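Good morning, and thank you for the time on today's agenda. I would ask everyone to look at the model on the screen before we discuss its parts.

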Amino acid sequence: MQKAREEANKRLHEAAQAQAGLLNEVVPLRTKIAELEAATETSKAYNKKLEDQCVDREQTLGKTKVALADKTDEYSRLTTENTSLQAKIQELISALASKDQEMTAQAANFKVAEEKLVEEVATRFADGFAEALVQAVCATLASTSSGAAL
């Protein structure tokens, strides 16, 4: 029985040493667990901050998409208006070119009419002057004949 007791004490002693060895391993593991838990809390806070930033960015993105849609609509409207105005400008340029041709033709017609009027006035003036000369000659002849008759 003594031997059994010694054997039991020996096993008890070995178990105590094993327990002490396990405790020596548990303490650093508990420290490591505490460090990991602290790191987890820090990570959770950081993740929350990142999630909040994502929410803010998504809201900003939504607003930006709405603004982009508005600007795209405005661009389409302005492009349509620009096309319409370009067409009107082309119409006005065509009308102006037509008016210019018409005015050029009128100016040429006026020039021809002016030349005709100048020619007619000159002809009438020459005819009137010739008639006045004839009358002057007749008056001279008449006065010479009446003076001779006296």
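Leu133 counts as partly exposed, because its relative accessibility is 45%. This residue lies in helix H1. I should say at once that we are looking at a predicted model. Leu133 belongs to a nonpolar patch on the surface, together with Phe125 and Phe129. The accessible area of these three residues together is about 360 Å².

Let us stay with the two phenylalanines of that patch. Phe125 is exposed, because its relative accessible area is 63%, and the cut-off for that class is over 50%. Phe129, at 49% relative accessibility, counts as partly exposed. Both Phe125 and Phe129 lie in helix H1, where 4 residues, or about one turn of the helix, separate them.

How many aromatic pairs does a search of the whole structure find? The search finds 1. Why is the pair of Phe125 and Phe129 described as stacked? The ring centres of Phe125 and Phe129 are 6.5 Å apart and the planes meet at 20°, so the pair is stacked. The cut-off behind that step is an angle under 30 degrees. In general terms, two numbers describe a pair of aromatic rings: the distance of the centres and the angle of the planes.

A further residue to point out is Ala136, which is also found in helix H1. Ala136 has 38% relative accessibility and therefore counts as partly exposed. From Ala136 to His13 there are 123 residues along the chain, and the C-alpha atoms of the two are separated by 174 Å.

That distance brings me to the chain as a whole. How many helices and strands are there in the chain? There are 1 helix and 0 strands, and helix H1 covers residues 2-149. Taken along the principal axes, the C-alpha atoms fill a box of roughly 210 × 20 × 20 Å. The radius of gyration of the chain is 62 Å, whereas a compact globule of 150 residues would have one near 15 Å.

What share of the 150 residues is buried? The figure is 0%. The accessible surface of the chain comes to about 13600 Å², and carbon and sulfur atoms account for 62% of that surface.

I turn now to the charged side chains. The structure holds 7 salt bridges, and I shall present three examples, among them the bridge between Arg11 and Glu7. As a general point, side chains of opposite charge can pair when their charged atoms come close.

In the bridge of Arg11 and Glu7, the distance from N to O is 3.8 Å. Arg11 and Glu7 are 4 residues apart in helix H1, which is about one turn of the helix. Arg11 counts as exposed because its relative accessibility is 53%. Glu7, by contrast, has 37% and so counts as partly exposed.

The next example joins the side chains of Glu41 and Lys44, again with 3.8 Å from N to O. Glu41 and Lys44 are 3 residues apart in helix H1, so about one helical turn separates them.

The last example is the salt bridge of Arg77 with Glu81, whose closest N and O atoms are 3.3 Å apart. These residues are 4 apart in helix H1, and therefore about one helical turn lies between Arg77 and Glu81. Arg77 is partly exposed, with a relative accessible area of 47%. Glu81 is partly exposed as well, with 38%.

Thr80 also has its place in helix H1. Is Thr80 buried or exposed? Thr80 is exposed, because its relative accessible area is 54%. The C-alpha atoms of Thr80 and Thr140 are separated by 87 Å, and the two residues are 60 apart along the chain.

Finally, I come to the cysteines. How many disulfides does a search of the whole structure find? The search finds 0. Cys54 has 45% relative accessibility and so counts as partly exposed. Cys138, with a relative accessible area of 46%, is partly exposed too.

To close, the points to keep in view are the 1 helix and 0 strands of the chain, the 7 salt bridges, and the nonpolar patch of Phe125, Phe129 and Leu133. Thank you for your attention.

Definitions and conventions
Residues numbered from 1 in each chain as written. Predicted model: local features only at pLDDT ≥ 70, side-chain atom pairs only at ≥ 80, totals over all residues. Heavy atoms only, no water. Salt bridge = Lys/Arg side-chain N within 4 Å of Asp/Glu carboxyl O. Helix = DSSP H or I, 4+ residues; strand = E, 2+ residues; numbered from the N terminus. Buried < 20%, exposed > 50% of the residue type's maximum accessible area, 1.4 Å probe, protein only. Disulfide = S-S within 2.5 Å. Phe/Tyr/Trp six-rings, centres within 6.5 Å; stacked < 30°, edge-to-face > 60°. Patch = residues over 30% accessible without salt bridge, like charges linked within 9 Å, V, L, I, M, F, W, Y side chains within 5 Å. Areas by Shrake-Rupley, 256 points an atom, 1.4 Å probe, with all protein chains shown as cover. Rg over C-alpha atoms; globule rule 2.2 N^0.38 Å.
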